[in-house]
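These are my notebook entries on a chain whose fold I wished to examine element by element. I set down below what I looked up, in the order in which I looked.

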Amino acid sequence: MGKHQKHAKLKLRENDNFATNEISIVGTKCDVISNLVHQVSQKLANYKLAYFDASHNDVIETKPLEKFVFHHKGTANVLMNSQVNKFNQRIQFSQYDFLFINGNHFEGAKQILILDNDKEASVVKRLNQLNNIQFVIKLTDDSKYFSFLVEHNPQIKNLMCYSIDEIDKISKHVENLIKQKTASIQGLVLAGGKSTRMGTDKGTLQFYGKNQRDVTIELLEKHHLKTFLSVREEQEISIENKITDKFIGLGPFGAICSAFQEDPDVAWLVLATDLPFVNDEVIQLLLKHRNPSKIATTIKGKNTQFPEPLITIWEPKSYTVLLNYLAQGYSCPRKVLINSDVEIVEIDDKFIRNINTPEDFKDAYKEIND
């Protein structure tokens with residue numbers, strides 16, 4: 001007998017220790033580390049950055065409640081009472097593009113080593129943590145590579161080395177680390193609706209001489225996106241790349257979550273089959289204005305109030321947000337977009353007309369073929 005599988009086997013997100021993308025700074029005093037993070041974060045203000053540190057107090061007073069202090073623009077500083085737990089921290093840091101870690105307190109999956117002649121003992125203590133150094137910073141002109149460092153990592157002197165005041169260069173290097181982790185995009189064509197108002201599967205309607213689901217797949221593949229068809233389990237559609245709904249009865253919301261369950265490390269460009277006026281221009285515009293720092297990049301008609309969740313690039317960080325809404329009893333992807341930090345691309349309303357009834361189909365077919 002094979003080994004018993006106690007839990008469902010899900011694809012795990014490619015996380016570092018505490019976040020999707022992190023780096024610890026090791027080798028010097030805590031105030032030098034925090035000051036460096038502050039300076040770099042000012043240079044990288046377009047990204048969502050976080051800093052993970054610990055208190056130096058031996059005794060931490062137990063408080064009766066957690067304190068959330070909101071800035072008037074809506075951002076919050078959160079003072080947490082709970083113990084550090086990598087699973088909880090990954091949730092807490094899930095919306096950030098990059099996490100800086102004070103390496104004097106916590107280990108990071110990647111490291112920046114600061115050479116500080118006064119901190120040899122500190123580096124010796126953390127030598128085993130230095131297993132993925134990205135670059136080195138000299139605190140002073142006479143900062144030296146300790147002999148045990150070279151013995152531990154003979155290639156360390158070949159790594160890029162900056163002085164502590166080269167903030168622009170250090171920031172550029174960090175930005176490259178952020179960009180390296182930017183998720184690729186895959187296409188998701190929604191064809192699992194029951195088409196109650198239309199009376200027939202909307203994916204099989206033919207505006208352009210072939211099934212609309214095939215037209216939609218080809219539209220996304222034309223832009224070099226590996227594209228999947230989202231279907232219900234009972235639908236018999238022969239196609240290699242398809243994702244069957246795992247979140248049953250939740251409509252498009254469940255289809256998006258099912259795609260993330262299939263692959264949580266990619267962004268999904270979601271497009272419904274009942275939008276026959278979406279064309280190359282719309283897809284190009286969406287891709288051009290993609291902002292991976294937001295949870296999504298979405299299309300909105302210039303004269304409409306709300307964005308279109310089914311013409312949207314959903315970033316990997318949106319999966320956590322979607323599941324949080326589901327936990328509250330909401331399964332409307334538009335509600336998620338309206339209440340989240342998203343990039344909005346406005347276009348003419350004529351491109352985003354839904355075709356829901358036989359009358360809609362007749363009018364759209366006539367317009368397209370005329």
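Entry 1, helix 1. I started with the surroundings of this helix in the model, which is predicted. The cover over the buried residues of helix 1 includes strand 1 (22-26), strand 2 (49-52), strand 5 (98-102), strand 6 (111-115), strand 7 (133-138) and helix 5 (167-180). I then listed the buried residues of helix 1 themselves: C30, V32, I33, L36, V37 and V40. They occupy an arc of only 160° around the axis, which places them on the same side of helix 1. The general rule I had in mind is that an α-helix has 3.6 residues a turn, so residues three or four places apart point the same way. I also checked the length of helix 1 (residues 30-43): at 1.5 Å a residue its 14 residues should span 20 Å, and the end C-alpha atoms are 20 Å apart, which agrees.

Entry 2, the chain as a whole. I noted 11 helices and 15 strands. The C-alpha trace spans about 80 × 55 × 45 Å along its principal axes. Of the 370 residues, 46% count as buried. Among contacts between residues at least 6 apart in sequence, 71% join residues at least 24 apart.

Entry 3, the open sheet. I asked in what order the seven strands of the open sheet lie. The order is 11-10-9-12-14-13-15, with mixed pairing. Strand 11 (242-244) and strand 15 (342-347) are at the edges with a single partner strand each, so one side of each has no neighbour in the sheet. On average, neighbouring strands of this sheet are turned by 30° against each other, direction ignored. Helix 6 (residues 212-221) packs on the sheet and touches strand 9 (185-190), strand 10 (227-231) and strand 12 (267-272). The direction of helix 6 makes about 170° with that of strand 9.

Entry 4, strand 9 and its partners. I found six of the six residues of strand 9 buried. I185, G187 and V189 lie on one side and Q186, L188 and L190 on the other, so that both faces are covered. Strand 9 runs parallel to strand 12, joined by six bridges, and Q186 stands opposite W268 there. With strand 10 the pairing is also parallel, over four bridges, and L190 stands opposite S230.

Entry 5, strands 13 and 14. Strand 13 (residues 296-301) and strand 14 (residues 308-314) run antiparallel and are joined by four bridges. In this pair A296 faces W314.

Entry 6, the nonpolar cores. Which members of the largest nonpolar core touch the most other members? Of its 51 residues, they are W268 and W314. Not counting residues up to four places away in sequence, W268 touches Q186, G187, L188, F228, I243, A259, F260, D263, T312, I313 and W314. Apart from this core lies another, of 21 residues, among them I25, L36, F98 and I137. L36 is also one of the buried residues of helix 1.

Entry 7, T320. Is T320 buried, exposed or partly exposed? T320 has 24% relative accessibility; buried would require under 20% and exposed over 50%, so T320 counts as partly exposed. T320 belongs to helix 9 (residues 318-327). Leaving aside neighbours within four places in sequence, T320 is in contact with I91, S94 and Q95. I last looked up K366, 46 residues from T320 along the chain: their C-alpha atoms are separated by 42 Å.

Conventions. Residues numbered from 1 in each chain as written. Predicted model: local features only at pLDDT ≥ 70, side-chain atom pairs only at ≥ 80, totals over all residues. Heavy atoms only, no water. Pairing = 2+ DSSP bridges. Helix = DSSP H or I, 4+ residues; strand = E, 2+ residues; numbered from the N terminus. Axes fitted to C-alpha atoms, helices over the stretch in contact; angles between N-to-C directions. Contact = heavy atoms within 4.5 Å. Expected span 1.5 Å × (residues − 1). Buried < 20%, exposed > 50% of the residue type's maximum accessible area, 1.4 Å probe, protein only. Arc of directions from axis to C-beta. Core = buried A, V, L, I, M, F, W, Y, C linked by side-chain atoms within 4.5 Å.
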